[in-house]
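Please open the model in your viewer and keep the sequence beside it, so that each selection can be followed in both. The tour moves from a single residue to the whole chain, and then through the sheet and its surroundings.

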Amino acid sequence: MTQIYVDRVIARQLERHAEVAYAMHSQLDAIQEVADELIRRLDSGGVLYTYGNGGSAADAQHLVGELIGRYLRERRPLPAVALVGDAAVTSCISNDYSYDEVFSRQVEALARPNDMVIGFTTSGTSPTVVKGLAMARSRGACSVAFTSTRGIALAAAADLAIVVPAEETARIQEMHLVALHLVSELVDQWATAC
């Protein structure tokens with residue numbers, strides 16, 4: 001590859017990132033709503049459960065790290081669990097039932113009406129994420145989809161949703177990270193003031 005070609009490819013990726021980041025202004029109310037609801041549930045003793053597949057699993061773990069650890073401010077740890085990290089549980093469910101049940105079974109066992117369940121999915125059609133959020137709703141927990149324009153049906157089926165206005169997986173994942181940081185910022189402010 002020539003340097004000119006590489007420069008063009010990288011420049012176009014950065015330009016597209018900036019376009020989608022700017023378009024995320026359309027999701028500011030949704031981000032505020034998710035943060036407010038999470039704060040309300042944490043304040044009343046609830047727990048956040050979160051999950052996703054592949055890069056979205058890393059986003060789920062990242063959000064949990066921001067809540068149990070800290071985002072920017074010293075504050076108390078907040079109760080959050082990523083449902084992606086226990087190999088014994090995920091492999092047991094996958095083997096004995098189906099991989100499609102890997103999150104819904106955990107949500108059924110753990111989620112209570114005071115809790116929030118966030119599913120990360122770039123496609124919005126992953127059966128594991130769809131079933132997990134459906135189980136959250138049936139358990140009375142607040143179901144939240146972090147998805148994209150490809151996941152409009154999932155967003156409509158969830159209680160709350162942050163919908164990245166893009167279809168490219170890399171851009172969606174980048175904006176999921178931005179959104180989870182913005183939620184973390186608002187939760188951090190609340191938890192520091194308590």
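A residue is called buried when its relative accessible area is under 20%, exposed when that area is over 50%, and partly exposed in between. This is a predicted model, and every value given on this tour was computed from it.

**Two cysteines to begin with**

Select Cys 92, whose relative accessible area is 37%, so that it counts as partly exposed. Then select Cys 142, which is buried because its relative accessible area is 4%. How many disulfides does the structure hold? There are zero disulfides in the structure.

**The whole chain**

Zoom out until the protein fills the window, and you will have eight helices and five strands in view. Followed from the N terminus, these elements come in the order α-α-β-α-β-α-α-β-α-β-α-β-α. The C-alpha trace spans about 55 × 45 × 30 Å along its principal axes. For 194 residues, a compact globule would have a radius of gyration near 16 Å, and the 17 Å of this protein agrees with that.

If you switch on the surface, the accessible area comes to about 9,200 Å², and carbon and sulfur atoms make up 56% of it. Of the 194 residues, 45% count as buried. Among the contacts with a separation of 6 or more, 70% are made by residues that lie 24 or more positions apart.

**The sheet**

Now hide the helices and look at the strands, which form an open sheet of five in the order β2-β1-β3-β4-β5, with parallel pairing. At the edges are β2, residues 80–82, and β5, residues 160–164, each of which pairs on one side only. Neighbouring strands of this sheet are turned against each other by 15 degrees on average, with direction ignored.

**Strand β3 and its partners**

Select residues 116–120, which make up strand β3. Is this strand largely enclosed or left open by the rest of the structure? Five of the five residues of β3 are buried, so the strand is largely enclosed by the rest of the structure. Colour the two faces separately, and you will find Met 116, Ile 118 and Phe 120 on one side and Val 117 and Gly 119 on the other, all of them buried.

On one flank, β3 pairs with β1 in the parallel sense over five bridges, and Tyr 49 stands opposite Val 117 of β3. Five bridges also join β3 to β4, residues 142–148, and these two strands run parallel as well. Here Cys 142, the buried cysteine from the start of the tour, is the bridge partner of Met 116, while Ile 118 stands opposite Val 144 in β4.

**On to the edge at β5**

Keep Val 144 selected and move across to β5, where its bridge partner is Leu 160. The strands β4 and β5 run parallel and are joined by five bridges. Although β5 is an edge strand, it is mostly covered, with five of its five residues buried. On one face you will find Leu 160, Ile 162 and Val 164, and on the other Ala 161 and Val 163.

Bring helix α2 back into view by selecting residues 28–43. This helix lies across β1, β3, β4 and β5, and it runs at about 145 degrees to β5.

**Thr 128 and the residues it touches**

Next select Thr 128, which has its place in helix α6, residues 127–138. Thr 128 counts as buried because its relative accessibility is 2%. Leaving aside neighbours within four places in sequence, Thr 128 is in contact with Tyr 51, Asn 53, Tyr 99, Asp 100, Val 102 and Phe 103. Draw a distance from Thr 128 to Val 102, and the C-alpha atoms are 6.4 Å apart, although 26 residues separate the two in sequence.

**Last stop: Arg 73**

Finally, select Arg 73, which lies in the loop between α3, residues 55–68, and β2. With a relative accessible area of 25%, Arg 73 is partly exposed. Which residues does Arg 73 touch, not counting those up to four places away in sequence? They are Glu 185, Asp 188, Gln 189 and Thr 192. To end the tour, draw a line from Arg 73 to Ile 152, which is 79 residues away along the chain, and the C-alpha atoms will be separated by 34 Å.

Technical notes:
Residues are numbered from 1 along each chain as its sequence is written. This is a predicted model: local features need pLDDT of at least 70, side-chain atom pairs count only at pLDDT 80 or more; totals for chains, interfaces and linings use all residues. Side-chain values use heavy atoms; hydrogens and water are left out. Two strands pair if DSSP finds at least two bridges between them. Helices (H or I, at least four residues) and strands (E, at least two) are DSSP runs, numbered from the N terminus. Axes are lines fitted to C-alpha atoms, for helices over the stretch in contact, and angles run from 0 to 180 degrees between N-to-C directions. Contact means heavy atoms within 4.5 Å. The radius of gyration is taken over C-alpha atoms; the globule rule is 2.2 Å times the number of residues to the power 0.38. Buried means under 20% relative accessible area, exposed over 50%, partly exposed in between (1.4 Å probe, protein chains only). Accessible areas come from the Shrake-Rupley method with a 1.4 Å probe; for residues, only the protein chains shown count as cover. A disulfide is a pair of cysteine sulfur atoms within 2.5 Å.
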